[in-house]
Amino acid sequence: MTAAVRSQAMFFQARAARQARDSGLQKTLEKARPLFVGKRAKGLAGLADDGLDFAGLRAACEAIRRRVVDDLDVWLELFEARATAGGAEVLWARDGDEVARLVVDIAQRHGVTKAVKSKSMLSEEARLNEALAAAGIRPVETDLGEYIVQLAGEAPSHIIAPAVHKTLAEVEALFAQHHERPVQARTAADIPALAAEARAVLRQHFLSAEMGISGANFLIAESGSAALVTNEGNGRMVTTLPRVHVVVTGIEKIVPTLDDFATLMRLLPRSATGQGISNYVSLLTGTRGADEREGPEKTVFILVDNGRAALAGSDFAAMLRCIRCGACMNHCPVYFSLGGHAYGWVYPGPMGSVLTPLFTGIENALDLPHASTGCNQCGSVCPVNIPLPALMHRLREMQHERGLRPWRERLALRAWAWLAARPGLYRWATRRAARYLRWLTDESGRIRVLGLAPEWTAGRDLAPPPGRTFHELYAARKRA
Ligand code: SF4
C-alpha cells in the first residue's frame with residue numbers, strides 16, 4: 001500500500017466538514033436519495049409478481065456467496081482451468097501496483113496507444129489510469145458517469161452512479177470545455193442531448209482503441225466467463241471492439257455456476273437501481289472464434305487479491321460476499337449527508353467504512369468505522385446479508401485494542417467502565433448529568449452548546465433531555 005493511498009484514506013473528518021458545508025452538493029444529494037430508495041423499494045415489490053420474496057432470495061444469495069468464500073481457492077482454480085480452455089489467459093495480481101504493471105505490459109506488447117474502459121472499481125484501487133497515462137497510453141472512461149468524472153479530474157463518488165454529485169450545469173460546463181463548444185443554458189429536458197453528445201465523442205474512441213479494459217460483476221467458475229451487468233451499451237463496445245480485452249477484477253467475484261449467477265441477478269439490479277433486469281447482461285467467454293466476426297483476439301483475466309485473501313477465515317470474511325450493488329450507501333444517512341468523496345478512497349458509504357480500513361490499514365482510516373449512526377439501514381437492505389454495523393463495531397474494538405484511539409477517548413471509556421461497575425455511584429452520577437443537560441437548555445427549549453463535547457452542537461441543536469434518568473422515569477411509570 002503506497003503512502004499516497006494511505007493518505008487518501010485518512011482525514012475523513014476534514015473532508016466531511018467540507019462536504020457538509022457545500023450547499024450545492026447538499027441539494028444534489030437531497031434530490032438523489034429518494035430516487036435510489038424509491039426505485040429499490042419498487043423493484044423489490046415487483047418480486048411478488050414472480051412469486052418471490054426478498055427474505056427468501058436474500059437467504060439464497062447469501063448461501064451462494066458463503067459457499068464461494070468458504071472454498072475460494074477451489075472455485076478460482078476451476079475458473080482458471082475453464083477460462084484457459086476457452087482461449088483466455090489468466091494472470092494473478094497481489095496488489096494494485098502489480099495490476100498496473102501487468103496491464104501496462106500487456107498494452108506495450110500489443111502496441112496499444114489508447115485503452116477504452118468500462119467501469120471497474122478495481123482499476124480505481126490500482127490507480128490504473130495514472131499508470132497507463134504515465135506509460136504513454138491514453139485511458140478513456142466510457143461509462144457516462146465515469147466519463148464525466150474523468151473530464152472533471154475527479155474520482156467516482158458512488159460505486160454505481162459515479163457522477164451522482166455533479167449538477168446538470170457542471171456537466172454542461174465540462175462538456176463545453178472538453179468538446180470545445182460554447183456553454184449553453186440547459187434544463188433536465190436536455191439530458192438526452194448531452195448523453196448523445198458524449199456518445200458521439202466516445203464512438204470515435206471505441207473505433208480507434210486497441211485495448212478494452214473492463215471489470216466483471218461476477219466470474220463464473222463452471223464456464224470460465226466474466227459476467228458484465230450494465231445499463232449502457234459501452235460495456236459491450238469495450239469488450240468486443242478492441243483487439244485486446246483485459247478484465248480486471250477481485251478474486252472474490254467468483255460464483256460457482258450459471259444457475260448461481262441467475263439467482264444473484266434476481267437481487268443485484270433490484271438492489272442497485274430497482275430494475276428487474278439491467279439493460280445489458282453479457283457473458284464473456286474466451287476469444288473470438290475462427291468463424292466469428294466480433295470479439296477480441298486476446299482476452300486476459302487479471303484476478304486481484306489486494307487484501308482479499310486475508311479476509312477469508314477472518315472476522316471480516318462476510319465482506320467478501322459483497323456484490324457491489326450500492327444499496328447500503330443509498331440508504332445511509334451519513335453517505336447522503338456527505339457524498340462519496342468524504343470517504344477518501346475507492347469505496348464510499350457503509351461498505352467503504354469497512355473495506356477501506358481493511359484494505360488500506362486500520363490505522364490509516366481511523367474515522368471510517370465511526371462514520372455510522374448505527375441505524376442498520378445498510379445491513380437491512382444488503383442483498384447478501386452482510387452485517388455492516390457489526391463489522392464496523394469490530395473495527396472500532398480493534399482500534400481500541402491496538403491503542404489507536406485518542407487518549408481522551410480511552411480515558412473516558414475507562415472512567416465509564418469503572419462507574420458502570422458501581423451501580424449506586426452510576427445512578428448518582430447520571431442523575432447529576434441529566435440535571436446538568438437540562439440546565440444547559442436555553443429559553444427556546446434547545447441545547448445549543450454542549451460544554452464537554454462541543455462538536456455535538458457545532459452544526460446542530462440538541463433536543464433537550466427530560467432532566468431525569470431512565471431509571472427515574474421508569475420508577476415513576478411503575479408508581480403511576
Ligand atoms: S455491502 Fe451489501 S448493500 Fe453494500 S454494496 Fe455490498 S452487497 Fe450491496
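**Helix packing, sheet order and ligand shell**

In this predicted model, helix α3 (residues 23–45) and helix α13 (residues 258–273) approach until their axes come within 6 Å, crossing at roughly 150°. Because angles over 145 degrees count as roughly antiparallel, this crossing makes α3 roughly antiparallel to α13. On the α3 side, the meeting residues are K39, R40, G43 and L44, and their counterparts in α13 are R270, S271 and T273. Sorted by class, this contact between α3 and α13 comprises one nonpolar, three polar and three charged residues.

Turning to the strands, it helps to recall that strands of a sheet pair through backbone hydrogen bonds, in either a parallel or an antiparallel sense. Here, an open sheet is built from six strands with parallel pairing, and their order reads β1-β10-β7-β4-β2-β3. The edges are taken by β1 (89–93) and β3 (138–141), each of which pairs on one side only. From one strand to the next, the twist averages 20°. Within this arrangement, strand β7 (residues 244–250) pairs with strand β10 (residues 298–304) in the parallel sense, over seven bridges. One pair to look for when following these two strands is H245 and its bridge partner T299 in β10.

The surroundings of the ligand complete the picture. There are 13 residues around the ligand, and those that come nearest are C322, C325, C328, M351 and C382. As for the character of this shell, eleven of its residues are nonpolar, one is polar and one is charged.

Methods. Residues numbered from 1 in each chain as written. Predicted model: local features only at pLDDT ≥ 70, side-chain atom pairs only at ≥ 80, totals over all residues. Near = placed C-beta within 6 Å. Nonpolar A, V, L, I, M, F, W, Y, C, P; charged D, E, K, R; others polar. Pairing = 2+ DSSP bridges. Helix = DSSP H or I, 4+ residues; strand = E, 2+ residues; numbered from the N terminus. Axes fitted to C-alpha atoms, helices over the stretch in contact; angles between N-to-C directions. Parallel < 35°, antiparallel > 145°, perpendicular 65-115°, else oblique. Contact = placed C-beta atoms within 7 Å.
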